[in-house]
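Subject: Structure handover

Hi,

Here is the structure I promised to pass on. Please open it alongside this note.

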Amino acid sequence: MTAAPGARADHPAGSALAPPGTSLVHDSAHLHVSGQASYVDDLPEPAGTLHAALGLSELAHARLVRLDLDAVRRAPGVVAVLAGSDLVHGKFGPVLADEDILVRDTVSFHGQPLFAVAASTRAAARAAVRLARVELEPLAAVIGLEAAREQGLHVLPPVQLARGDIDDVLATAPHRLAGTLRQGGQEHFYLEGQITLAEPRDDNCWHLWCSTQHPTEMQHLVAHALGVAVHRVGVECRRMGGAFGGKESQSAQWAIIAALLARASGRPVKLRLDRDEDMRATGKRHDFHSRWEAGFDDSGLILGLRVELASRCGHSADLSGPVNDRALCHVDNAYFLDTVQIRSLRLRTHTVSNTAFRGFGGPQGMLVIETVIEDIARMLGLDPLDVRRRNFYAAEAGHGRDLTPYGMQVEDCIIGDLCARLEAQSDYRRRRAAIDVFNAGNAMIRRGIALTPLKFGISFNATLYNQAGALVHVYTDGSVLVSHGGTEMGQGLYTKIRQIAAHEFGIAPDRVRLSATDTTRVPNTSATAASSGTDLNGKAVQAACRSILARLAGVMARSHGGDAGDVRFHGGRVTLAGDPARSEDFADLVMRAYRQRVQLWDSGFYATPKIHFDPVTRTGRPFYYFAYGAACSEVAVDLATGATRLLQVDILHDAGCSLNPAIDIGQIEGGFVQGMGWLTSEELWWREDGRLMTHAPSTYKIPTATDVPARFNVALYDAPNREDSIHRSKAVGEPPLMLAFSVFFAIRAALASALPARQQVCLDAPASPEAVLRALGVLEAP
Amino acid sequence: MTAPVAGDQPGIRFWWHGAQRSVVGVASTMTVLEWLRTEARAVGTKEGCAEGDCGACLVMLAELDADAEQGVALRPINSCIHLLAMIDGKAIVTVEDLHGASGGLHPVQQAMVDCHASQCGFCTPGFVMALFGLYESRTDAPSRAATCQALAGNLCRCTGYRPIVAAAAQAFERPRHRFDRAPLRTALQAMAARAALDYRAGAAAGGGRFEAPATLAALAQTLLAAPAARIVAGATDIGLWITKQARPLPHLVHLDRVPELHTLELQQGQLVIGAAVSHSRAWPVLCRHVPALSDLARRFAAPPVCNAGTLGGNVANGSPIGDGMPPLLALDARLRLQRGGQVRELALADFYLGYQRTALAPGEFLRELVVPLPGPATRFACYKVSKRYDQDISALCAAFRVDFADGVITAARVAFGGMAATPQRAPACEAALLGGHLDAATLDAARRALLTDFSPLSDLRASAAYRRVVAGRLLERWWHALAGGGSPDALDAVEAGA
């Protein structure tokens, strides 16, 4: 790993200052390594806690004829049993309430929950589930994406984004090329499965400990299902054992069922999904089949592009609308598309409802245009990097080639410079030439290299979600407690917030603690999603701190004689006008302020400026800014078996002025490897009847340490965000996933060397050994 | 529940966290993880998958071993599929037991913190245990390859592994901390007096029985008396029957206490491997005698699985995709099966009758494997193809063996896993090779014959077409390797930037 330019030394302890830009260690690291970090299943259970289990459907599409749960109710230890017909408010959903909490009439995917049991132990609950007598009448099931497209089954209406006369441009372009791209979905594989512990409290109130990215939505949906006002439900989450989008909407069903069982039994109920149940019954990244047609000139400049994105949404809407909107808004990636038409199909199938997953549709849209670029380069006999560069958005706005298909001006385009730096750092051209020589002399092992860019829009596409609140307490001993609406899933949000708050007060980070995220402390929060956690909550926390600081400065100025504007908070001390004689400990000032009856706590609020988006015309400025990055990967491919290996990767990524280089590099490395898994070894495989056969780590293969190369060079592109983000940093949660495109296209490049010159390479994602051999034409299509 | 053992009802006795435990009243199939988390409320060890494939549940199993440091061997196992009754007489070390010299963090824990090697933290205790095991097993910083191998059974979805691998080496830059195994040795020696276990869960705990006979005769007698009892060795498969399928297993008989079943020795040019010998013990010895097994051994399974699972279990289970069988079939391995006092020998090739069906008679058990070692005239190779390099089940696994005399093939064995309902030899291909020379004509005949040997299925690991094509290509690859020519055939040989 190369140290980030400008990054300061690591920051092991919390007692020294750790201003933004230092690598303060994760606030829970010492707890993680000693097994003392508590996840929901680790919390001491309230007396009388019951354990829940679910009965899942064994058919993909069926009419529920009879559900006989008598034996379940009589089973040892069983206290409460619920079926869909027991529920008054039986529907839920994050956007549309179109899903059954428990199936009432019709099963719509294999693994859908039919009933729920609460018993004295988890084993008793799971044993009782097996006693149910379920009668299902099978109905015709549509499992595959192509079948849904052929039958015109949509979960939401098609959407189109267009500019210019695409037919005309394609007809007159010097060159035309068309292609298709099949991309598989992806299981989140958070290590901690879905879990909620629901506790009844007095006066018809409920408290939930839930592993979720979206406590407010859990609160709303649980309140609705219980038929109570929102203020009767509190949802708390200290940390998740991973989420990646899979606990944004997908945590809701389990939270609701736990709460309903708690009401039915009058006792606390814990519902924890087993890994297989989790993988069968929760949504995944959407798989896409895309068709495209491009017109371009001799230099590879794209003149017109038509794309149809078809996604498998599953049986309900869930977040498929916004996911596909983001796919639509990211087909351009880093490239100006003058004349463009993008159509998005949101297909309905009898499979689990696909959902948010790191990148949120963006990766699926972006992989299409990267394929287009590669195919153009191959047809013209050019280096793909040159074709990429030819099509980049302009570095300076206002002189053309700066308008996205959705009408937003790209004002901060640094991709040209970033790629040029990476091209030099990675020695791309020399290695590419060396690989050509290697490939000419090797029959069965081929190498490939690719350098791919990314541009990712930062903000929720839906403007309203771009708001956040915070609550900051300064206690009389000068210690600080911060609450905000964001959730910690490992991304280091709490650590960055700690740095931000400590920096505001000029105190050491160990004087600042983060409370568990709790809807009773900060209300009406947005999901911690869209990479926005630090951008939104960091600003809200800063605002709360500054309200308190203004009052403290007033106290300081009044007591020492001076101007509040000259008060500085630094190094645990408060100093007026730089005068050592007018300086005191932060804690002393706080105590004096308290005695003077000055408010030592405050709330903060932030709403992202400048953004707007018209959901009807799908134009506007949905994103506050863009994050950029690029990666150069080199692979080796065994043409005999289709096995691949990543040999080296070099990454240059834009995190603005990084708040915490170690955490940001961790996000970059982790995102890259997760993306690499999506595009190589991670394959979801459904049987014809709709049963998911890759439902556990024995069959679904995420990368291991061996898959990560020794040469894994990551550097930060050190330049301030041009927008006024928190300390001019940039969001870093999702964008690095797309760095893994470089692995996919390096594999394609290796395959290209084995195919006749200029022949299009048709590689499906994931590039499994089988997909590799298919691309080489030695297997028939599946 | 931890209670004194009452009279004739023996509890499950083991040492953990500074005390001897004696557990009664739990199900005979309770896992170590379940006991830790629900009975002992020690929640540092996590459940990530309940099938031994993610490593979040790693604990160290401690056993007496004269060759190990302080006489105690420490090996990581997956506690999620290891039955509590299996650790009777042993000790476990969990993340709660780790600490540094002054009671703070252990060097591997501190290195994990310093390297920013945890993000969500859920997998972290498992990684810490794997790194602790690695740290305890050596005196100097491990190579990257050694670290990756030690971590082959640990999944992290957040970090991308780079900082974890760095932490493994960085731990050695701190003052050496030795985990004191003396209390474990004392406890293990004290528990060694009780030879056999017959644990019966009360009716309230399901009424199951777990027997661990201490002699070969007692084992044979037990199985004769209760032919329906299920034999358990390492539970790396049976553990999943419990956690995933809730299969009733009212009577389990554990092989581990029988000394004869731990035999691992050379007898007249044949390697004898007792049914209770773990993969971790068996494979290094196999590889010493048959170096061509090394790549397969590396990729067979991750260390926690190899530490618990046995080669005998791999064979006796009859799984179509077990990686042990193709090479054993190609090496003409034989099985010694025992029923009561009777021992018979059967060729491994005759053992499988169908999908997960074997030639074992009621009351009969696999006592040991007999592996004839190849002589100088024998050429042997095996290949594994899977979606992921580490800890993956093969799409197909191939083993090839020929004996040459004066350039003529005098014996041929071709065996595949993943190509049929059981691991199988390829008789037509073998016949085509027999009597042939190392030339293109023989290869061509063998390749065409191979196509007639199998009708593979399409499943989640590969399509039938892929399996057919790649089976032939592996044959070709082996042939070219025999001829000593051609391009390098392994990705291992390729270097970036070269």
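Below is what came out of the analysis, by topic.

First, a caveat. This is a predicted model. Please read everything below with that in mind.

**Chain B overall**

Chain B has 498 residues, and 56% of them count as buried. Its secondary structure comprises 16 helices and 20 strands. The C-alpha trace spans about 70 × 60 × 40 Å along the principal axes. How does the radius of gyration of chain B agree with that of a compact globule? A compact globule with 498 residues would have a value near 23 Å; chain B comes out at 24 Å, so the two agree. Contacts reach far along the sequence. Take the chain B contacts between residues at least 6 apart: 66% of these join residues at least 24 apart.

**The nonpolar core**

The largest nonpolar core holds 428 residues. Five members touch the most other members: A:Ala52, A:Val117, A:Val222, A:Ala258 and A:Ala259. Helix H15 of chain A, residues 533-560, supplies the largest share of this core, with 11 residues. As general background, nonpolar side chains in soluble globular proteins tend to be buried together.

A:Ala258 is worth a look in the viewer. Leave out residues up to four places away in sequence, and A:Ala258 still touches A:Ala52, another of the five listed above. Its other contacts on that count are A:Thr196, A:Leu197 and A:Ala198, plus A:Val269, A:Lys270 and A:Leu271.

**The A–B interface**

On the chain A side, 82 residues are in contact with 69 residues of chain B. Which element gives the largest share of the chain A side? Helix H17 of chain A, residues 661-679, with 7 residues. By class, the chain A side has 38 nonpolar, 24 polar and 20 charged residues.

**A small item: one sheet in chain A**

Strands E25, E26 and E27 of chain A form an open sheet, in that order. The pairing is antiparallel. Which strands sit at the edges? They are E25 (567-570) and E27 (579-585) of chain A, each pairing on one side only. From one strand to the next, the twist averages 25°. Strand E26 of chain A covers residues 573-576 and is joined to E25(A) by 4 bridges. These two strands run antiparallel. For one specific pair, go to A:His570: its bridge partner in E26(A) is A:Arg573. In general, strands of a sheet pair through backbone hydrogen bonds, either parallel or antiparallel.

Best wishes

Terms used
Residues are numbered from 1 along each chain as its sequence is written. Chains are lettered from A and ligands numbered from 1 in the order in which they are written. This is a predicted model: local features need pLDDT of at least 70, side-chain atom pairs count only at pLDDT 80 or more; totals for chains, interfaces and linings use all residues. A nonpolar core is a set of buried Ala, Val, Leu, Ile, Met, Phe, Trp, Tyr and Cys residues joined through C-beta atoms within 7 Å. A residue is buried if 20 or more other C-beta atoms lie within 10 Å of its own, exposed if 12 or fewer, and partly exposed in between; C-beta atoms are placed from the backbone. Two residues are in contact if their C-beta atoms, placed from the backbone, lie within 7 Å. The radius of gyration is taken over C-alpha atoms; the globule rule is 2.2 Å times the number of residues to the power 0.38. Ala, Val, Leu, Ile, Met, Phe, Trp, Tyr, Cys and Pro count as nonpolar, Asp, Glu, Lys and Arg as charged, and the others, Gly among them, as polar. Two strands pair if DSSP finds at least two bridges between them. Axes are lines fitted to C-alpha atoms, for helices over the stretch in contact, and angles run from 0 to 180 degrees between N-to-C directions.
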